[in-house]
Amino acid sequence: MFLTLVATLLCFAFASYSLGMLIFGLRSMISLREIIKKHDFWFFLKTTLAGSFVNVITPGANVGGEPVKAYFLGKRYNRPKTKVFGAILVDRILHGAVSLFFIIASLLFILTYIPVSHELKIIFQTVLFFLLAFLILILLLNIEKTNFNLGKFIEKIGVLRYIRRNRKIKHVNQSFGNFTSSFKKTIFNKKTLFFGILFSLAFWFLN
């Protein structure tokens, strides 16, 4: 009886997490639809699994998976990898925003319903204050009007003046331009925002 229960729970856990990965792949495909017109869901799913694998094995919290996805998607669909990475980063930010929502909700729940010591309450209130301040700062930043040029910025730094003579500076400018244009186009797309947040909520529910 006990082994049957354990096997059943493991099957449900595997099915739930597998469905979550399918949702991840679908969300990535929707986020990149402005950059990659022709979609192959199974290839997106494979890149999602590859990115998740890299995130797990690298020393850190979810580090390295997004550049891996950008590399394979850019190579498969013949698109600039920096442009693909810009859209993937928006996808990752939306997922992080949903995680941040749950953190804030958890802190509010603790401060409201669970008796904690005065010192711990001060710590929670401080963390909550900084989280809310961060969200307000993000809302106030007008990314759409940003005309920042990384290459020109690097050229103006006195310590790195030797880069001016390097022909690769044009490549840096072009790569950063691809990244910013893709990032802006994706993050200001209402459908991308809606489905990105919706699928992230579904993923966390399944998780």
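Guide: Welcome! A residue is called buried when its relative accessible area is under 20%, exposed when that area is over 50%, and partly exposed in between. Please keep in mind that this is a predicted model.

Visitor: Thanks! Is Phe-41 buried, partly exposed or exposed?
Guide: Phe-41 has a relative accessibility of 23%. Buried would need a value under 20%, and exposed a value over 50%. Phe-41 therefore counts as partly exposed.

Visitor: What kinds of elements make up the chain, and in what order do they run?
Guide: The chain has 8 helices and 0 strands. Read from the N terminus, the order of its elements is α-α-α-α-α-α-α-α.

Visitor: What percentage of the chain counts as buried?
Guide: The accessible surface of the chain is about 14000 Å², and carbon and sulfur atoms account for 71% of that surface. As for the residues, the chain has 207 of them, and the share that counts as buried is 31%.

Visitor: Among contacts with a separation of 6 or more, what share joins residues 24 or more positions apart?
Guide: Leu-201 gives a nice example of a long step along the chain: its C-alpha is 8.8 Å from that of Ser-99, although the two are 102 residues apart in sequence. For the contacts of the chain with a separation of 6 or more, the share from residues 24 or more positions apart is 64%.

Visitor: Which residues does Leu-201 touch, leaving aside its neighbours within four places in sequence?
Guide: Leu-201 sits in helix α8. With 36% relative accessibility, a value between 20% and 50%, Leu-201 counts as partly exposed. Beyond its neighbours within four places, its contacts are Val-98 and Phe-102.

Visitor: Which helix gives the largest share of the nonpolar patch?
Guide: The patch covers about 440 Å² and is built from Phe-101, Phe-102, Ile-197, Leu-201 and Trp-204. Both α4 (81–113) and α8 (190–206) supply at least two of its residues. The largest share is 3 residues, and the helix that supplies them is α8.

Visitor: Why does Phe-101 count as it does, buried or exposed?
Guide: Phe-101 belongs to helix α4. Its relative accessibility is 52%, and the limit to pass is 50%, so Phe-101 counts as exposed.

Visitor: How do the rings of Phe-41 and Trp-42 meet?
Guide: The model holds 13 aromatic pairs. In this one, the ring centres are 5.3 Å apart and the planes stand at 70°, beyond the cut-off of 60 degrees, so the arrangement is edge-to-face.

Visitor: Is Trp-42 buried or exposed?
Guide: Trp-42 has 58% relative accessibility. Since that value is over 50%, Trp-42 counts as exposed.

Visitor: Which residues do ring pairs link into a cluster?
Guide: One of the residues in the cluster, Trp-204, also helps to make the nonpolar patch. Ring pairs link the cluster, and its members are Phe-24, Phe-203 and Trp-204.

Visitor: How many residues apart in sequence are Asp-91 and Arg-27?
Guide: The side chains of Asp-91 and Arg-27 form a salt bridge, 2.8 Å from N to O. Asp-91 is in helix α4 and Arg-27 in helix α1 (residues 2–31), so their pairing ties together parts separated in sequence by 64 residues.

Visitor: Where does Asp-40 lie?
Guide: Asp-40 makes a salt bridge with Arg-76, with 3.2 Å between the closest N and O atoms. The bridge ties together parts 36 residues apart, because Arg-76 is in helix α3 (residues 65–77) while Asp-40 lies in the loop between α1 and α2 (41–57).

Visitor: Over which ring does the charged end of Arg-76 sit, 4.4 Å from its centre?
Guide: The charged end of Arg-76 sits over the ring of Tyr-77 at 5.7 Å from the centre. At 4.4 Å, the ring beneath the charged end of Arg-76 is that of Phe-43.

Visitor: Is Glu-66 buried or exposed?
Guide: Glu-66 pairs with Arg-92 in a salt bridge whose closest N and O atoms are 3.7 Å apart. This links distant parts of the chain, with Arg-92 in helix α4 and Glu-66 in helix α3, 26 residues apart. Arg-92 is partly exposed at 23% relative accessibility. Glu-66 has 10%, which is under 20%, so Glu-66 counts as buried.

How values were computed
Residues are numbered from 1 along each chain as its sequence is written. This is a predicted model: local features need pLDDT of at least 70, side-chain atom pairs count only at pLDDT 80 or more; totals for chains, interfaces and linings use all residues. Side-chain values use heavy atoms; hydrogens and water are left out. Helices (H or I, at least four residues) and strands (E, at least two) are DSSP runs, numbered from the N terminus. Buried means under 20% relative accessible area, exposed over 50%, partly exposed in between (1.4 Å probe, protein chains only). Contact means heavy atoms within 4.5 Å. Accessible areas come from the Shrake-Rupley method with a 1.4 Å probe; for residues, only the protein chains shown count as cover. Patches are made of residues with over 30% relative accessible area and no salt bridge: like charges are joined within 9 Å, nonpolar side chains (Val, Leu, Ile, Met, Phe, Trp, Tyr) within 5 Å. A salt bridge is a side-chain nitrogen of Lys or Arg within 4 Å of a carboxyl oxygen of Asp or Glu. Rings of Phe, Tyr and Trp (its six-membered ring) pair if their centres lie within 6.5 Å; planes under 30 degrees apart count as stacked, over 60 as edge-to-face and the rest as tilted. A charge sits over a ring if NZ of Lys or CZ of Arg is within 6 Å of the ring centre and within 35 degrees of the ring normal.
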